[in-house]
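Hi,

Here is the structure I promised to pass on to you. Please open it alongside this message, and you will find my notes below it.

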Amino acid sequence: GRSGLAASGMASFARSLPALFAPETQAIAETRALPGVWQNGENFAAKVGEFQAATASVEAAAKAGDRVGFAEALARTKAACQSCHTTYRSESQ
């Protein structure tokens with residue numbers, strides 16, 4: 001259903017994040033990414049890894065029709081987003 005398609009899209013996006021923040025991207029103007037994305041690469045990679053794992057759990061739960069697991073994985077995904085954005089995203093552009 002729609003939740004499965006959306007979950008697959010989120011998981012696909014999560015897998016693309018490392019390329020979106022490759023070292024050569026730090027010179028891009030008008031980004032909301034803070035310098036710590038590249039300066040603290042190991043920590044940023046860990047946060048991306050958690051987001052990838054969380055979205056993979058959302059996708060798996062959606063495919064299995066596991067509503068409880070889906071809700072838990074979605075909450076984990078939201079927490080992963082907030083954790084990374086709080087540390088590495090500027091609120092102004």
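Let me begin with helix α1, which covers residues 2-20 in this predicted model. Its 19 residues reach 26 Å from the first C-alpha to the last, close to the 27 Å expected at 1.5 Å a residue. If you look along α1, you will see a kink of about 25° at A14, shortly before the proline P18. A14 is also one of the buried residues of α1, together with G4, A7, A11 and L17. Part of what covers these buried residues is α3, residues 41-64.

That takes us to α3 itself. With 24 residues at 1.5 Å a residue, α3 should span 34 Å, and its end C-alpha atoms are indeed 34 Å apart, so the two values agree. The buried residues here are F44, K47, V48, F51, A54, T55, V58, E59, A61 and A62. You may like to note that K47 and E59 are in that buried set, and that both belong to the class counted as charged. The cover over the buried residues of α3 includes α1, α2 and α4.

A64 also sits in helix α3. Is A64 buried or exposed? Its relative accessibility is 61%, and because anything over 50% is called exposed, A64 counts as exposed. The C-alpha atom of A64 is separated by 9.2 Å from that of G4, although the two residues are 60 apart along the chain. G4, by contrast, is among the buried residues of α1. Just after α3 comes G65, which takes a positive phi of about 70°.

There is another backbone angle to check, at E30. This residue lies in the loop between α1 and α2 (36-39). Its phi is near 60°, a positive value in a residue other than glycine. E30 counts as exposed because its relative accessibility is 69%, and the cut-off for exposed is over 50%.

Now for the pocket, which I expect you will want to look at yourself. The largest pocket has a volume of about 340 Å³. Which of its 18 lining residues are closest to the centre? They are L17, F21, F44, C84 and H85. Two of these have already come up: L17 is buried in α1, and F44 is buried in α3. The helices α1, α3 and α4 (67-88) each supply at least two residues of the lining. The largest share comes from α4, with five residues. By class, the lining has 13 nonpolar, two polar and three charged residues.

Finally, a few words on the chain as a whole. How many helices and strands does the chain have? There are four helices and zero strands, and the elements run α-α-α-α from the N terminus on. The C-alpha trace spans about 40 × 25 × 20 Å along its principal axes. Of the 93 residues, 30% count as buried. If you take the contacts between residues at least 6 apart in sequence, 68% of them join residues at least 24 apart.

Do write back if you would like to go through any of this together.

Best wishes

Terms used: Residues numbered from 1 in each chain as written. Predicted model: local features only at pLDDT ≥ 70, side-chain atom pairs only at ≥ 80, totals over all residues. Heavy atoms only, no water. Expected span 1.5 Å × (residues − 1). Bend = angle between axes of the 7 residues up to and from the residue. Buried < 20%, exposed > 50% of the residue type's maximum accessible area, 1.4 Å probe, protein only. Contact = heavy atoms within 4.5 Å. 1 Å grid on protein atoms, 1.4 Å probe; cavity = no way out; pocket = protein on both sides within 12 Å on 5 of 7 lines; lining within 4 Å. Points joined across faces, edges and corners; volume = space filled by probe spheres on them.
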